[in-house]
Amino acid sequence: MTEPTVRPRTLAVASSAPLLVLTNFTLPMATLPQTAASLGAGPTGPVWILGSIALGLSSLLLVAGGLADDYGRRRVLVTGAAVMAAAELVSALSPNVPVFVLARLVQGGAGAAMLAASLGIVGHTYPAGPERVRATARYGAMIGLGTAVGPLLSGALAGMASWRAAYWLMAAGALALAAASARTLAESRSELPRRFDVPGVVLLTLGVAALVAGVTEGRAGWSRPVVLVAFALAVVLVGAFVAVERRRAEPLLDLELFRRPVFLVATGGALVVGAAVVGLLGYLPTVLQTAHGLTPLDTALLFCVWSGLSFVASLLGGLVPLRAAGRLALGLGLTAAGFAGLLGVGASLSLPLIVGGLAVSGIGSGLINSSITHLAIESVPAHRVSMGSGANNTARYIGSSLGAAGIAAVVGALGPAQGAAIAVGACVLLTAVTALAALLVRA
């Protein structure tokens with residue numbers, strides 16, 4: 001266990017990882033038209049410019065968590081940050097969409113290593129109890145802050161220079177994190193290392209990649225052969241992964257964890273948060289811009305209400321006198337209530353309702369981030385904290401891909417007014433039901 005005197009420094013460095021990853025994740029949202037035009041994107045180009053990083057993240061998060069536990073969490077964090085820096089340079093210099101998308105895929109894989117390893121470091125550094133609650137609340141706050149910083153940073157730099165400037169800055173930030181991590185953090189790993197599960201890694205990585213690729217391509221038409229083949233491959237590969245893992249003595253993902261109610265609520269909650277919260281808020285700017293003529297800067301400033309309050313609520317989440325599952329339920333309930341204020345967003349522009357809905361759901365999201373981060377490492381054995389982080393974040397980013405694709409499909413088929421109402425209503429229902437489920441868990 002890390003000495004108490006160095007814990008704050010460890011937390012500060014480790015918490016910089018989600019800030020950097022989430023800032024990078026949201027960079028293209030405010031500059032998508034300029035980026036697509038500069039790279040000569042075709043009809044599906046913008047979809048892959050936005051979605052490719054989620055493919056890299058979701059495919060490798062669980063693998064990265066296992067590697068961090070078994071081979072060293074600091075080593076995986078430093079390697080991930082260094083690889084991200086190189087991939088950011090490729091993004092900044094990209095001449096076309098394929099090169100940019102490949103760079104974003106690599107950034108997703110590097111971000112997976114950074115997220116899984118950094119939360120593992122926090123879980124190892126802080127013992128169970130109030131200190132861990134406060135530490136995971138601060139770590140979770142960086143998710144909301146990164147979500148706010150990304151669009152504002154890229155939009156501001158695009159206005160002053162070019163959309164490419166943000167990627168140069170991200171490269172510098174990733175290099176700084178790699179250096180600080182190597183110099184500041186103590187190495188930690190599982191006391192019970194396992195053999196590298198090659199079949200599990202291959203099957204899970206390819207299965208999740210096929211699923212997310214199918215969802216991403218599906219936005220351009222769900223009946224196309226490439227989409228159907230991708231989904232079929234995903235079913236076969238994930239099914240094979242489960243069959244193989246059930247027979248392995250040292251699996252990549254211990255399937256027995258799904259018998260734990262806390263693990264189920266942590267992972268299931270992350271999936272719902274990805275689909276209903278990240279998915280909806282990722283697509284809502286498009287609705288506001290197309291239906292009501294708001295500019296990218298207008299929507300970025302509006303969403304600062306949500307992300308800013310999410311950051312503050314997550315920082316203070318550890319002070320809420322509720323167990324982690326109770327805080328998760330409260331956060332999901334507030335999110336559902338806030339989203340209810342957005343039900344008419346596609347038909348009419350009522351700024352008080354939109355701002356109020358984003359404010360309430362932002363507070364809810366902050367409580368979700370602080371509690372679900374805590375549950376991710378509490379729901380697994382102490383020597384597998386990075387695996388818990390990997391499983392939790394894998395669920396979150398798969399959910400975000402599914403949610404964004406589903407919402408885009410509904411709005412595209414029914415129009416902004418009716419489609420947005422149905423999509424928002426579904427998100428309200430999903431978050432409310434998950435809040436009730438979280439109330440039944442003692443954690």
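In this predicted model, the side chains of Arg224 and Glu217 meet in a salt bridge, with a nitrogen-to-oxygen distance of 2.6 Å. The two partners fall into separate accessibility classes: Arg224 is partly exposed, with a relative accessible area of 26%, whereas Glu217 has a relative accessible area of 15% and is buried, because buried is taken to mean under 20%.

This pair belongs to a set, since the structure holds four salt bridges, and two further pairs can be followed here. One of them joins the side chains of Arg259 and Glu256, where nitrogen and oxygen lie 2.8 Å apart. Arg259 is exposed, at a relative accessible area of 66%, while Glu256, at 47%, is partly exposed.

Another salt bridge links the side chains of Arg73 and Asp69, with 2.9 Å from N to O. Here the setting is an interior one by the accessibility values, for Arg73 is buried with a relative accessible area of 1%, and Asp69 likewise counts as buried, at 0% relative accessibility.

From this pair the reader may turn to Asp70, which is found in helix 3, the element that spans residues 45-71. What, then, does Asp70 touch, once residues up to four places away in sequence are not counted? Its contacts are Arg189, Ser190, Leu192, Pro193, Arg194 and Arg384. Asp70 is itself buried, and its relative accessible area is 9%, a value that earns this description because the class covers residues under 20%.

Terms used
Residues are numbered from 1 along each chain as its sequence is written. This is a predicted model: local features need pLDDT of at least 70, side-chain atom pairs count only at pLDDT 80 or more; totals for chains, interfaces and linings use all residues. Side-chain values use heavy atoms; hydrogens and water are left out. Helices (H or I, at least four residues) and strands (E, at least two) are DSSP runs, numbered from the N terminus. Buried means under 20% relative accessible area, exposed over 50%, partly exposed in between (1.4 Å probe, protein chains only). Contact means heavy atoms within 4.5 Å.
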